[in-house]
Amino acid sequence: MKRHQLHSLANILGAVHDLGEDQLQFVLHLVHLVKTSMPTREHSVTALALRLGLGEQTFRRRVHRATGKSPKQLILAIQMHEASRLLLEEPHIMIRDVALSCGFEETSFFSHAFKKWSGMSPMHFRENRQSCRFYNEVINDKFEKISDDIAKI
């Protein structure tokens with residue numbers, strides 16, 4: 001597995017416990033599907049289940065078994081991870097455009113969700129030096145945990 005895939009998964013999930021190779025590949029594929037479908041807003045639970053050729057309940061069970069999260073929680077985690085990356089790595093992109101890129105139709109809903117997730121508004125997150133520390137420390141800690149977990153597989 002490529003290092004950037006592990007890093008992305010660690011950022012989103014925090015840690016992976018007792019995931020078999022099939023579950024790990026399922027989650028990585030799902031993360032990719034969500035990220036590629038966010039700009040077109042085709043990342044609903046129903047749409048993702050359909051794209052994977054699964055019934056919605058089967059999809060929900062597989063996601064929960066692999067991640068411990070509901071599909072909606074996982075989708076939101078992927079959106080917030082991508083938003084934080086864009087806010088820090090692409091400072092020229094307007095907040096409205098970050099929201100749209102991450103699958104939010106309304107900037108106000110995005111801002112509220114982001115503040116709940118990070119503890120600060122998207123603008124404050126971008127401007128605040130602590131957000132860089134938050135991004136680097138928290139994300140790197142998660143990466144180390146998942147790398148250790150995957151090494152045990």
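The protein has nine helices and zero strands. The model is a predicted one. Read from the N terminus, the elements follow the order α-α-α-α-α-α-α-α-α. Of the 153 residues in the protein, 42% are buried. The exposed surface comes to about 8,600 Å². Carbon and sulfur atoms supply 50% of that surface. Among contacts with a separation of 6 or more, 61% join residues 24 or more positions apart.

The largest nonpolar core holds 16 residues. Within this core, Phe26, Leu30, Val34, Leu48, Phe59 and Val63 touch the most other members. Four helices each supply at least two core residues: H2 (21-37), H3 (45-51), H4 (56-67) and H5 (71-89). H2 gives the most, with six residues. A second core lies apart from this one and has 15 residues. Leu86, Leu88, Ile95 and Cys102 are among its members. In soluble globular proteins, nonpolar side chains tend to be buried together.

Phe59 illustrates the contacts of a core residue in the first of these sets. Residues up to four places away in sequence are not counted here. On that basis, Phe59 touches Phe26, Leu30, Val45, Leu48, Ala49, Leu52, Leu54 and Pro71. Two of these partners, Phe26 and Leu30, are in H2 and belong to the contact between H2 and H4.

The axes of H2 and H4 come within 10 Å and cross at roughly 110°. H2 is therefore roughly perpendicular to H4, as the angle falls in the range of 65 to 115 degrees. The crossing of H2 past H4 is left-handed. On the H2 side, the contact uses Gln23, Phe26, Val27 and Leu30. On the H4 side, Phe59, Arg62, Val63, Arg65, Ala66 and Thr67 take part.

H5 packs against H7, a helix of residues 107-118. Their axes are 11 Å apart, at an angle of about 95°. H5 and H7 are therefore roughly perpendicular to each other. H5 contributes Leu76, Met80, Ala83, Ser84 and Leu87 to the contact. H7 contributes Phe110, Ala113, Phe114 and Trp117.

Gln79 is also found in H5. Its relative accessibility is 6%, so Gln79 counts as buried; the cut-off for burial is under 20%. Neighbours within four places in sequence are again left aside. The contacts of Gln79 are then Met38, His43, Cys102, Gly103 and Phe104. One of these partners, Cys102, is also listed in the core of 15 residues.

Two further residues, Arg41 and Ala47, count as partly exposed. Arg41 is found in the loop between H2 and H3. This residue is not a glycine, yet its phi is positive, at about 55°. Arg41 has 32% relative accessibility and therefore counts as partly exposed. Ala47 is found in helix H3. With 22% relative accessibility, Ala47 is likewise partly exposed, because buried requires a value under 20%. Ala47 and Ser37 are 10 residues apart in sequence. In space, their C-alpha atoms are 9.6 Å apart.

How values were computed: Residues are numbered from 1 along each chain as its sequence is written. This is a predicted model: local features need pLDDT of at least 70, side-chain atom pairs count only at pLDDT 80 or more; totals for chains, interfaces and linings use all residues. Side-chain values use heavy atoms; hydrogens and water are left out. A nonpolar core is a set of buried Ala, Val, Leu, Ile, Met, Phe, Trp, Tyr and Cys residues joined through side-chain atoms within 4.5 Å. Buried means under 20% relative accessible area, exposed over 50%, partly exposed in between (1.4 Å probe, protein chains only). Contact means heavy atoms within 4.5 Å. Accessible areas come from the Shrake-Rupley method with a 1.4 Å probe; for residues, only the protein chains shown count as cover. Axes are lines fitted to C-alpha atoms, for helices over the stretch in contact, and angles run from 0 to 180 degrees between N-to-C directions. Angles under 35 degrees count as roughly parallel, over 145 as roughly antiparallel, 65 to 115 as roughly perpendicular and the rest as oblique. A crossing is left-handed if the near helix is turned anticlockwise from the far one by less than a right angle, and right-handed if clockwise.
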